[in-house]
Amino acid sequence: MKAEGIDGIEKFDSPGKGRGIRVTKAFKVGDLLFACPAFSYVLSVSERGYLCEFCFTKKEGLAKCGKCKKAFYCNVGCQKADWAMHKLECSSMCAYGENWCPSETVRLVARILAKMKSQKDGQRGPSEKLLLMAELEAHVDKMDSERREVHEMDISALHHFYSKHLDFPEHTRLLCIFSQVNCNGFTVEDEELSHLGSAVYPDVALINHSCSPSVIVTYKGPVAEVRAVQDMKPGDEILTSYIDLLYPTEDRNGRLRDAYYFTCTCTQCSSPDKDKLKLKLRKRSEAPPPEEVRTMTRYARNSIRDFRQAKHQKDILTYLLQMCESSIDHMGALFDDANVYMLHMMYQAMGVCIYQGDWEQAARYGEKIIKPFSALYPAYSMNVASMYIKLGRLYVGLDKASLGVKFFKKAVSIMEVTMGKDHHSIEGLKKEMLQK
Ligand SMILES: [Zn+2]
Ligand SMILES: [Zn+2]
Ligand SMILES: [Zn+2]
């Protein structure tokens, strides 16, 4: 049997947080603490044809599965290695055609069930050196009715689309697995933070949250890598951020309570010095009454929610851009351009402009966003790096190559810490720079 444990890391009881992990030796900024292959993973349907289903390599000319013609691979090796998972969907996709529509969570859970079945009792996989998949926190008791309803629908879809190749455990066990995935699942992202797929990494799931994280999780194919973004000494807890750190303390904790059922007590949350900067107001001769600020903050949060709901309809791009612009206009009467709610809407507007091919306008938004982003996010943040990449590509596209290269270089200096110097994304960017 494989030895339990990871060199330099141990499990411990973190005061007030339950179980956690800490380092037993020193790590410096940029050091890899550990890499964790996925227990199970799945490529997003929207990425099909662009990335290999098995190793997530992005390249042109991938070969497709001869049966379903929907899964794409680097070569026969990748296809064979993926068959144990792809067979759960291949014939079902052929049978259902256009009506095949399980959610990504359902697809992931199907793979988890297949993987669990193939494992011998008590066997520890390479993603479970510290924690077994079955030991993941589920929080079934804390689930609200809305969440429960989503899980029940997912369970029905699982039975509907996957019954041919899977034996299902009883209902309460299934509910527990969906709940585990909900609290512990990871979104696999590339260097631009595009969503590539979903996965579970039991060992990585042991890492507790902090808004001032000591490590960052990035991906090499479907493998998660955990790197230090702060120097660490023996005994320090390994802490990562579960959420987008742009937002003020109240918003961050709302998100943490909704998704993970806890309130953060990290240094950023207990003395929220950055909040004032994050909620920066436009300079006026007199300070506005607090009620005006509260009303505008409510408006900002509602706008963010409304946009999120509308965003999935790609046929209404002009309308989406209007939504962004009118909320920027409205908030701009009170909020400074560097206020996070302004930044949020400018970021969304930039995305729409890129999608529409209006690169000049996109770059104008990007220029307004980048400086406050680098001040408000932690020193080594993929949110900042991805913004530099976007700006770099925009300027290259606008025939301002030297400006583009300047932004690429800034992205690379962050990525060398967060993704490791030998990461293929950095090689890719360096190639792009050489061509300019
Ligand atoms: Zn491959
Ligand atoms: Zn197939
Ligand atoms: Zn916090």
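Biologist: How many helices and strands are there in the chain?

Modeller: This is a predicted model. Its secondary structure was counted along the chain, giving 15 helices and 12 strands.

Biologist: What is the radius of gyration of the chain, and what does the globule rule give for 436 residues?

Modeller: The C-alpha trace spans about 70 × 50 × 45 Å along its principal axes. For 436 residues the globule rule gives 22 Å, and the chain is close to this, so it is as compact as a globular protein of that length. The radius of gyration of the chain is 23 Å.

Biologist: Which residues does UniProt list for "domain: SET"?

Modeller: The annotation comes from an unreviewed UniProt entry. In the model, the annotated stretch is 30% helix and 22% strand, with its end C-alpha atoms 27 Å apart. The residues listed by UniProt are 7-243.

Biologist: What should helix α10 span at 1.5 Å a residue?

Modeller: Helix α10 has 16 residues, 317-332. Its end C-alpha atoms are 22 Å apart, which agrees with the expected span of 22 Å.

Biologist: Why do the buried residues of α10 line one face of the helix?

Modeller: The buried residues of α10 are Leu320, Met323, Cys324, Ser327, Ile328 and Met331. An α-helix has 3.6 residues a turn, so residues three or four places apart point the same way. Thr318, Tyr319, Ser326 and Asp329 are exposed on the other side of α10. Seen down the axis, the buried residues line one face because they fall within an arc of 120°.

Biologist: What covers the buried residues of α10?

Modeller: Among the residues to be covered are Leu320 and Met331, both buried in α10. The cover includes α9 (290-310) and α11 (340-356).

Definitions and conventions
Residues are numbered from 1 along each chain as its sequence is written. Chains are lettered from A and ligands numbered from 1 in the order in which they are written. This is a predicted model: local features need pLDDT of at least 70, side-chain atom pairs count only at pLDDT 80 or more; totals for chains, interfaces and linings use all residues. Helices (H or I, at least four residues) and strands (E, at least two) are DSSP runs, numbered from the N terminus. The radius of gyration is taken over C-alpha atoms; the globule rule is 2.2 Å times the number of residues to the power 0.38. UniProt positions are given in the numbering used here, feature names are shortened, and annotations may be inferred rather than shown by experiment. The expected span of a helix is 1.5 Å times one less than its number of residues. A residue is buried if 20 or more other C-beta atoms lie within 10 Å of its own, exposed if 12 or fewer, and partly exposed in between; C-beta atoms are placed from the backbone. The arc is that of the directions from the helix axis to the C-beta atoms. Two residues are in contact if their C-beta atoms, placed from the backbone, lie within 7 Å.
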